[in-house]
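Here are my notes on this one, written as numbered points. Have the 3D view open while you read.

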Number of protein chains: 2
Amino acid sequence: MNKGFLQVYTGNGKGKTTAAIGMAIRAMGAGFRVLFVQFVKGKEYSEIKELKKNKLITICQYGRRCFIKNKPKQQDIEIARKGLKKVERLIKSNKYKVVILDEATIATNFKLFDIKDLLKVINERPKDCEIIITGRYAPKELIDIADLVTEMKEIKHYYSKGIKARKGIEM
Amino acid sequence: MNKGFLQVYTGNGKGKTTAAIGMAIRAMGAGFRVLFVQFVKGKEYSEIKELKKNKLITICQYGRRCFIKNKPKQQDIEIARKGLKKVERLIKSNKYKVVILDEATIATNFKLFDIKDLLKVINERPKDCEIIITGRYAPKELIDIADLVTEMKEIKHYYSKGIKARKGIEM
C-alpha cells in the first residue's frame with residue numbers, strides 16, 4: 001500500500017456512514033486493521049453488531065445514545081474531547097492501516113472540539129495510515145488538506161415523505 | 001420493516017460500491033438476507049472475500065475479470081443478460097429483503113441489457129424487497145421511479161494525480 005491518504009465524504013445525502021462501513025469491510029478483506037470511530041453517535045446500530053464480528057476492527061463510539069438535537073450538552077462536549085484524545089493515541093500506536101472518523105465534521109460543527117484539534121490528529125498520523133472522515137458540513141480547512149472528497153448530494157429522499165429510519169436500512 | 005424502496009447511488013465520485021457494501025453489512029446486522037449482484041465486474045475484490053463470510057448473503061458477479069474498456073464484447077452482453085434473468089428469478093423467490101445491483105447503470109449504459117428489462121425486474125419485485133442500484137450515469141427512467149437518489153459527486157480524487165486503485169482501499 002502507498003502512503004495513507006485523507007478521504008472526506010460529506011454532503012446532505014444518504015451514503016456517508018454507509019460508505020464508511022464499506023471501507024472498513026474492504027480494508028478487513030485485505031487483512032488490514034481498522035479503527036472505526038463514531039462521534040456524536042452511541043447506539044449499537046445493526047452495522048456495528050455486524051462489524052464487531054471481525055477481530056481486525058476496533059470500534060469506539062464517543063456519543064450518547066441519541067443524536068444531538070439543537071444545542072450540545074456539556075456531557076456531549078466531554079465525551080467527544082476525551083474521544084478525540086483517545087483516537088490520537090490509537091492512531092499514533094500505528095496499529096491501524098485504516099482509520100474511520102464517522103461524524104467527525106458534525107462534532108466540529110457542534111463545536112464539541114475544535115477543527116484545529118482534528119487537523120492535528122490527521123496531520124500527525126503515521127505515514128501509511130489512511131484516514132476517512134464522514135459527515136455533513138465538512139469545513140474548508142479539511143477539504144483543503146484532503147486527498148479525496150466526495151459530496152453525497154441528496155437528489156431525492158423518502159425522509160421528506162415522512163418515512164422514519166428503518167432497522168437494517170438506515171440503522 | 002416497511003415497504004421496500006428503490007435506492008439509487010450514482011455520480012462520478014468514489015463511494016457508490018462502497019456504500020452498497022455498507023448497506024449489505026447493515027442489513028445482515030439486522031438479520032436480513034441480502035442478494036449482492038455485481039454487473040460488469042468479475043474479480044474477487046477484498047470486500048467480496050469479506051462479505052462472503054456471512055451466510056445471509058448471496059453474491060453473484062456477472063462480468064469478466066476486467067472492466068469494459070471501450071466497447072463491450074459479445075461475451076459481456078451474454079454474461080449480463082443471463083445474469084439479469086437469474087437476478088429476476090432470485091428476486092421473485094422472495095428470499096431477500098435487500099437486493100443490491102452494483103453497476104447496473106453501467107450495464108444499461110453499455111447497452112449490455114435494456115433499461116426496460118431492468119425496470120421490469122425492479123417493478124415486479126416482492127413488496128418488502130428493498131432494491132439498491134449503484135453506478136454512474138443513472139438514466140432518467142430510473143431516477144424517476146426511485147424513492148431515494150444520492151449523487152456521489154467528485155470534488156477531489158487522487159486518481160487525477162496518477163494514483164492507481166489500491167488493495168483494501170479501492171479493491
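1. To compare copies, they are superposed by least squares on the C-alpha atoms of residues with pLDDT of at least 70 in both. Done that way, chain B lands on chain A after a rotation of 180° with 0.0 Å of shift along the axis, at an RMSD of 0.0 Å. The two copies are thus related as by a two-fold rotation axis. Both copies use the same surface, as 100% of the contact residues of chain B recur in chain A (contact: C-beta atoms, placed from the backbone, within 7 Å).

2. A word on the source: this is a predicted model, where local features need pLDDT of at least 70, side-chain atom pairs count only at pLDDT 80 or more, and totals for chains, interfaces and linings use all residues. Residues are numbered from 1 along each chain as its sequence is written, and chains are lettered from A and ligands numbered from 1 in the order in which they are written.

3. Now the interface. 44 residues of chain B are in contact with 44 residues of chain A. Which element of chain B gives the most to this side? That's α1(B), with 11 residues. (Helices, H or I with at least four residues, and strands, E with at least two, are DSSP runs numbered from the N terminus.) By class, this side of chain B has 21 nonpolar, 10 polar and 13 charged residues. Here Ala, Val, Leu, Ile, Met, Phe, Trp, Tyr, Cys and Pro count as nonpolar, Asp, Glu, Lys and Arg as charged, and the others, Gly among them, as polar.

4. Next, look inside. The largest nonpolar core has 108 residues, and V34(A) and V34(B) are among those with the most contacts inside it. Such a core is a set of buried Ala, Val, Leu, Ile, Met, Phe, Trp, Tyr and Cys residues joined through C-beta atoms within 7 Å. Buried means that 20 or more other C-beta atoms lie within 10 Å of the residue's own, with C-beta atoms placed from the backbone. Leaving out residues up to four places away in sequence, V34(A) touches several others, including A24(A), L56(A), Y96(A) and I100(A).

5. Finally, two backbone oddities to check. E103(A) isn't a glycine, yet its phi is positive, near 65°. You'll find E103(A) in the loop between β4 and α4 of chain A, and it counts as buried, with 27 C-beta neighbours inside 10 Å. V40(B) also has a positive phi, near 70°. V40(B) sits in the loop between β2 and α2 of chain B and is buried, with 26 other C-beta atoms within 10 Å.

Notes: Two residues are in contact if their C-beta atoms, placed from the backbone, lie within 7 Å. A residue is buried if 20 or more other C-beta atoms lie within 10 Å of its own, exposed if 12 or fewer, and partly exposed in between; C-beta atoms are placed from the backbone.
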